[in-house]
Amino acid sequence: MKILILNGPNLNLLGTREPDKYGNQTLSDIENYVRSIASELKVEVDFYQSNIEGELVNSIQGAKNKYDGIVINPAAYTHTSVAIRDAILAVQIPAVEIHLSNIHTREEFRKTSLTAPACIGQITGFGAASYKLGLISIVDYLKQKGIN
Ligand code: DQA
């Protein structure tokens with residue numbers, strides 16, 4: 001089983017970016033943490049981060065026939081991107097949306113996710129553990145579908 005883990009804009013700045021909201025871990029700390037969980041689960045993971053909407057769309061399109069599932073933190077594009085939502089729907093790869101912070105307890109504009117309706121579900125508010133929970137959720141979903 002191969003899972004693609006996608007990160008949107010400004011998540012490359014984790015560690016120094018608003019640590020009160022997003023924690024002290026860098027994106028590469030989180031990647032190492034997720035890799036250790038992936039190896040326990042015996043699944044393969046690849047990571048991609050971009051600040052550019054079209055690059056995230058290209059990466060979702062490129063996942064077709066390569067990945068069984070996607071875990072995505074679309075970051076600010078969560079609240080704006082019809083293109084990312086449409087890309088997830090177009091490739092028909094099961095996806096789980098994740099957020100470090102709880103988007104439902106923050107500003108009004110963050111409470112709407114345009115991308116979540118294209119996903120199986122959303123995990124929000126558990127810090128770096130949202131990545132772990134996202135991975136566990138997609139792996140469990142795919143195993144139930146008979147994908148190993
Ligand atoms: C975020 C929440 C978004 O609203 C914000 O724009 C981000 C990070 C999170 O992981 O909590 O960049 O996706």
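Modeller: A polar contact is a pair of N or O atoms within 3.5 Å. This is a predicted model, where local features need pLDDT of at least 70, side-chain atom pairs count only at pLDDT 80 or more, and totals for chains, interfaces and linings use all residues. Residues are numbered from 1 along each chain as its sequence is written, and side-chain values use heavy atoms, with hydrogens and water left out.

Colleague: What makes the pair between His-99 and the ligand a polar contact?

Modeller: A polar side-chain atom of His-99 lies 2.8 Å from a ligand oxygen, so the pair falls within 3.5 Å. For Arg-17 the distance to a ligand oxygen is 2.9 Å, and for His-79 it is 2.7 Å. The protein covers 99% of the ligand's own 320 Å² of accessible area (Shrake-Rupley method, 1.4 Å probe).

Colleague: Why is the space taken by the ligand called a cavity?

Modeller: Because, on a 1 Å grid over the protein atoms alone, a 1.4 Å probe fits at its points but cannot get out. The ligand takes the space of the largest cavity, which holds about 130 Å³ (the space filled by probe spheres set on the points).

Colleague: Which residues line the largest cavity nearest its centre?

Modeller: Of 14 lining residues, Tyr-22, Ala-75, His-99, Ser-101 and Arg-106 lie nearest the centre; lining means having an atom within 4 Å of a point. The lining divides into six nonpolar, five polar and three charged residues.

Notes:
A polar contact is a pair of N or O atoms within 3.5 Å; within protein, one must be able to donate a hydrogen and the other to accept it, and residues adjacent in sequence count only if both atoms are side-chain atoms. On a 1 Å grid over the protein atoms alone, a cavity is a set of points where a 1.4 Å probe fits but cannot get out, and a pocket is an open set with protein on both sides within 12 Å along at least five of seven lines; lining residues have an atom within 4 Å of a point. A molecule sits in a cavity or pocket if more than half of its atoms lie within 2 Å of its grid points. Ala, Val, Leu, Ile, Met, Phe, Trp, Tyr, Cys and Pro count as nonpolar, Asp, Glu, Lys and Arg as charged, and the others, Gly among them, as polar.
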